[in-house]
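Here is a short, friendly tour of one sheet and the helices that lie on it. Have the viewer open as you read.

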Amino acid sequence: MTDFVVRPITDDERRPTFDLLGQALHSPLVSDETWAQIGDSWAAPGKFAAFADDRPIGITSGFATTIAVPGGALLPATAVDGVGVRADWTRRGVVTALMSAQLNDLAERGTTLACLHASEAVIYGRFGYGIATFGATVRVDHPARLREGAEAGGAVRLLDTDEARAQLPALYQQIGLHRPGMIARPDVWWPVALNRRLSREGGYRVAVHTGPNGEDDAFAMFTSVDQSTVAEPERGPLLEVRDLHGTNPEAIAALWRFLLSIDLIATVSSRFRPLDEPLSVLLTDPRRARTTEVEDDLWLRLVDVAGALAARTYGQGEPVVFEVDDRLLPANRGRYRVGPDGAERTDADADLLLDADSLAMLYLGEWRASTLAQAGRITAVDPAALGRADTLFATDTRPWCGTYF
């Protein structure tokens, strides 16, 4: 028997649970002014909290979105945007109770997938989440120039704060979810993403590219960071690019050209870029660009295994029967035949055995079944099935999320 209860929060509990999450993540409490700007994004629906003596001691939050999967289908998903426990209540089963309540609620409401960015990598595998995409931190040292022909013309302009707030949501929607792993940005996502960063304290600016056809087709959000030190007082600032999206490679290249042309900057850096972005070969000197870190990005969880497997497309390989074990959502347990024509439940003998978190790692195409088997995450009843699974789950485009939440 526990000494706390888990339940959905009410509207009156939004601010206390937001403050709780901030403290758990070691962030300063927001002011009333900041809360007025971002409070609407912390809506009560989709949030579960643990309470002891009517005081919140843990929180898990999520908002409804859609996610692109291989083949182009857009599936209903929940982005889990905050999990935290008060410091004096950790290691007492609070997170397990919260995550279980949230997952069962998502299953009851028909959500197909859940996703999150993990603050600690050891936590979420036991709840069926697996690393589904990676992101690279890239740094480009000045001077750096793009090769001729890397972009197709057009123009770049800077937006003021009001223009950015008005134009970016529609522009992101226009760009679309063109890679597996990309998620929609609903109205509740934008206040935190824009209002705080575009404030005087946040210091971010927004650049938009207009293509030769006269239509906006790409944007970047960026800020400068002082790098000067006592030892290097003349060292120029770092330009940190927080968000860069476009409808086509030429538009993205045009924004990189603009960012690299800003005066008095020593380095341009961007975190969580696609691993296959060809930035170095866009430059006249490819050594000016380097990848300094590769990190796990989007963690995925199949809430409805049958629905998720049936929704994506597969390569031209011989069918494979997977036996899935799901401790938290037992309705997902069973065998699934996956082939070029789709996926369905089956009573046939299993070729491969795996848990929910390993299936999530396979789902968007980032991982190969043979690699996961080498790591002991998949048991091959029929070893030949591993190669077939590699072919079935492979994707032409590497998955990438590109949205932090």
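β5 and β14 pair in the antiparallel sense over 4 bridges; two strands count as paired if DSSP finds at least two bridges between them. Within this pairing, leucine 300 of β14 is the bridge partner of cysteine 115. Helices (H or I, at least four residues) and strands (E, at least two) are DSSP runs, numbered from the N terminus.

Please keep in mind that this is a predicted model, where local features need pLDDT of at least 70, side-chain atom pairs count only at pLDDT 80 or more, and totals for chains, interfaces and linings use all residues. Residues are numbered from 1 along each chain as its sequence is written, and side-chain values use heavy atoms, with hydrogens and water left out.

The wider sheet is open and mixed, with 7 strands in the order β1-β2-β3-β4-β5-β14-β6. β1 and β6 stand at the edges with a single partner strand each, so one side of each has no neighbour in the sheet.

Two helices touch this sheet, contact meaning heavy atoms within 4.5 Å. Angles run from 0 to 180 degrees between N-to-C directions of axes fitted to C-alpha atoms, for helices over the stretch in contact.

| Helix | Strands touched | Angle |
|---|---|---|
| α3 (residues 94–108) | β1, β2, β3, β4, β5, β14 | about 35 degrees to β3 |
| α9 (residues 356–363) | β4, β5, β6, β14 | about 115 degrees to β14 |

The buried residues of α3 (under 20% relative accessible area, 1.4 Å probe, protein chains only) include Val94, Leu98, Gln102 and Asp105. Just after α3, glycine 110 takes a positive phi of about 80 degrees.

Definitions and conventions: The expected span of a helix is 1.5 Å times one less than its number of residues. Buried means under 20% relative accessible area, exposed over 50%, partly exposed in between (1.4 Å probe, protein chains only).
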